[in-house]
Amino acid sequence: MHTHNVTEAAARVQPRNTRPLGDILGDILAAHGKGSAGTAAPAAVSSVKTAVRATQATAPSGGFARYAKRGFLPYLIPVIPPDAPVYKAMLQGRGKRPGKMGEDGTWYGFHGWESHETTEANVSQWDDWGANVGLRTAAINAFDIDVKPDPADRSEEAERARAFAKEIPAALADAFGVEPDKLPCRVRGGMETAVFVRALGSRSKSVWQLAGTPHKIELLADGQQIVVSGRHPSGEDVDTNLPEFGLDQMPALDGAALARCEAALTELAQRHGFELARGKPGRGDPSAPARPGRKNGATSENAVESYVWSRRADWVPELLPHGAGRPLQGEWSISSEDLDRDLQERLVIYPDDRGCYDFGTERSHDPLSFIREFGDIGSDGEITYGGCPEYGPEGDKSYAVVGEPDPAVRRPTAAEAARWLCLWLGAVHPPEVAPEASWRDAARQIGRALGLDPERLDDIEVYRWFDSSENATGGLFAARSREDICAHRALLPALKHSYPAEYGNLVDRLGLIDVLPFDLEAEIEAEMERVRATAAPNAAKEPELSASEPGRVADNDIRWIDPAQWAGLPIPPREWLLDDVIPLREVSAIYGEGGVGKTLLAHQLGVCVATGSPFLGQKTSRVRVLAFFCEDSEDELQRRHAKILEAHGLEHEATGGWLRMTSRRTQENRLATWNRDTRSMCVTPLWQKIRHDALSFRVGLIILDTLADVYGGEENDRAQVTSFVTGCLNRLAEETGATVLVLAHPSANGASSGSGHSGSTAWNGKFRARLFLKRVRGAGAGSDVRELEGMKANYGPAGGKLKLRWERGAFSLVASSGLGLGASKIVPQMDDAAEQAVVAALQKCSGEKLSVARNSPYFAPRVLKARAPEHLGDWSQDDVHGALDRLTSRGAVQPTKAGRDASGHLISTLVLVEGAIKPDACGAQGGKT
């Protein structure tokens, strides 16, 4: 059985008060008469206890039925009785945890109690079992008063804690504005141990801790439960006066009421000489204490751990399937039901330095202990979910790992866990750590493998060793002795690097050069050389690539070129994926609003490239294609692919061995993450996987749809954008030899202005070519016409434009204009096609009232589009106006009078001049392909 370097929760339930009931009542009466510590006495609290004890005196049978009749039926659950026979894993759950009784009378855990829909038949059966009555704290929340000093402890602090606990219900009653006897409470052993309220809205568990003590108050909320009637493991009866109230008569808890309660508890604690601290459950909160030596993250292992947990989306779902598909922000709560274990509480993974806390086992987890407890390592070194181990009491731990329910599961060693973790986080050289290393032992090696600055990690260790608070007046490190120096000799390089003056003073004061049993300066220089050599393992020590793989210059190296060496060498020709538009082995982008058809366009390009077919009139180079689609299902990909093949007259076999695609719409798709402290970027395991598959498949085009899915940074952050395009996309293109085509959405302003921009201008600056797919303004609602415009082309002519029409699931080419993108020879140029369409419309509308004046109700472009949509549906009103202007200026169209109307006014119109019409440049009306 392996061990875990984690700290047990310090807050333990202390032995309950076992004094005679008469003594306790005497204390209550005395407190009622004179108060505590000379303060004014709280309102009377005995009436609630009297009512509850009167109920207890009848030794309630049919306990579930009492609560069901008062409207609590949906929230009732059975809790294991304290003396019931149970399976080994539930020994610690007797009297407290939800459970069910088997046919042989043995109790086991109640999986799914959080969502169980309780019926009348259930409660009748549970009463027959003799189960404790439990209540799910969903619509009902409970302030659980866990302030129980040892009865043998008669110290002044213990007495203050007892007085504080007694007055909590009255303080809460005052916060809700009700009399104490109108407050639903639970009583055990003569003491009120919980207060119940009606929850308005969903909320998570909250904890308030008496600082420096094990005492706390918990607000049990979503995902929790509480025993309301039955017997405690101590043998004491537990019951409440809830049946006297009903849900609708309970005090209501909303955000404002919770704030009043917290203020009342804080004031009450201060009155009794305590400080009340509140925070989210988890590491850094009183209910889940930090590990020994933790000082707000000021240790190297905590710095590395915070970084690893911040990237939880990159590796946790590979270990726990329950983590897949969760949001990047906020806490991840994984129930014991999801983990299939007989514990009540959940496990929570935070995105920050709170890390991971398991409320079921009452322990924190570092990444290695987390992987080792839940992982199962295969013969290939891959770690997957191995289920939960068997938990039970061991030493002072209530829920230690005591065995394995499945002998086929092999839990990984620390070395195996560290290697697996680093590979999933994108490390090229995973560290070699000891098989049973703790997180503290392995963290710095893991940090270096992940590219974290080792000198910075050493600096943190200096802070940990030399605590400046010890000698505020004596100078930093003034109290260190020769023995300290020898014991921490490995930190001297960081000390010299970060604090040279203090280092010099320390050496001089202690005479270290003469007395140390080693050559101080030589050792420091050797250590600093080692740090320099391993400072960036992911960059400085790239793996050796095979001859077929392109090399890469390390980030911290520069390969200078002497242009004279090119003398006499042939100039390499420019290579294109799409002639004069998209260069090979570079990063380009297609922008377009949602629903405009950019994914269809990219899919169609992929098919054309994979088959060597022309794409919208442009010549392509035939290369293999990987298409990474993040928005559409596999069914949608299949439907779209069939339509594209049909439009191009191709069979499925045409792309065989040349095209691969994937649907990733339900998965995490970021290709890079950022370290919040250093702002450095690290590619994810998913990027490594795409690179590996691209090299294996020998692709020439990688389609990434969309940028919003694969980019996890701030789109307006110039530095992050530059790092991503350079270190992720350009690197992918360089190392695979493929063109990388990214699909992206423009901002609202970029769409309306026609620029297609979004976020930082660095996006446009870094892409070698950028196309913008947009709807045609004024083409009419529901138009199937689109325009594809070349917004940028570093290596070719920009500004070209294609007019496209969506037909039967694919785009066809209507017209083109300009160079580069618009240099098609198989369709008319844009101006010619527009003029042909206007001529056809004028022929249809011969004799209609038409005017060239914009303010006229018979403005020709508007009237022609309305009367001849079959000819002008592909063209905007501005396009029609421009075509008319050109036709008029050439004398092909002339304004004329066509008689008078019924009122005697002259009728203006436009007529075609025979013989002046320019023939279709392509020799075909319409000119589509």
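Helix H10 is mostly covered, with eight of its eight residues buried; buried here means under 20% relative accessible area, exposed means over 50%, and partly exposed is what falls in between (1.4 Å probe, protein chains only). The buried set runs through Pro367, Leu368, Ser369, Phe370, Ile371, Arg372, Glu373 and Phe374. At the N-terminal end, Asp366 caps H10, with a side-chain oxygen 2.9 Å from the backbone nitrogen of Leu368. Helices (H or I, at least four residues) and strands (E, at least two) are DSSP runs, numbered from the N terminus.

A word on the model itself. It is predicted, so local features need pLDDT of at least 70 and side-chain atom pairs count only at pLDDT 80 or more, while totals for chains, interfaces and linings use all residues. Residues are numbered from 1 along each chain as its sequence is written, and side-chain values use heavy atoms, with hydrogens and water left out.

Taken as a whole, the chain comes to 30 helices and 36 strands. Of its 929 residues, 51% count as buried. Contact means heavy atoms within 4.5 Å, and residues 24 or more positions apart account for 65% of the contacts with a separation of 6 or more.

H10 also turns up in the largest nonpolar core, where it is one of the elements that each supply at least two residues. A nonpolar core is a set of buried Ala, Val, Leu, Ile, Met, Phe, Trp, Tyr and Cys residues joined through side-chain atoms within 4.5 Å. This one has 44 residues, and Trp315, Ile349, Phe370 and Ile446 have the most contacts inside it. Helix H11 (414-424) gives the most to this core, with six residues. Setting aside neighbours within four places in sequence, Trp315 touches Val308, Trp309, Pro367, Phe370, Ile371, Trp420, Leu421, Trp424 and Leu425. A second, separate core of 37 residues includes Cys608, Leu637, Leu701 and Leu802.

Leu637 is also one of the buried residues of helix H21, along with Arg640, His641, Ile644 and Leu645. Seen down the axis of H21, these buried residues fall within an arc of 135°, so they line one face of the helix; the arc is that of the directions from the helix axis to the C-beta atoms. They pack against helix H20 (598-611) and strands S25 (625-629), S26 (659-663) and S34 (810-817). On the other side of H21, Gln638 and Glu646 are exposed. After H21 comes Gly649, whose phi is positive, near 65°.

Two charged side chains round out the picture. Lys774 sits in strand S31 (residues 769-775) and is buried, with a relative accessible area of 18%. Its side chain makes a polar contact with the side chain of Glu789 at 2.8 Å. A polar contact is a pair of N or O atoms within 3.5 Å; within protein, one must be able to donate a hydrogen and the other to accept it, and residues adjacent in sequence count only if both atoms are side-chain atoms. Beyond four places in sequence, the contacts of Lys774 include Val596, Gly754 and Arg786.

Arg70, in helix H3 (residues 63-72), is partly exposed, with a relative accessible area of 36%. The side chain of Arg70 reaches the backbone oxygen of Pro243 at 2.7 Å. Outside its neighbours within four places in sequence, Arg70 is also in contact with residues including Glu244, Phe245 and Gln249.
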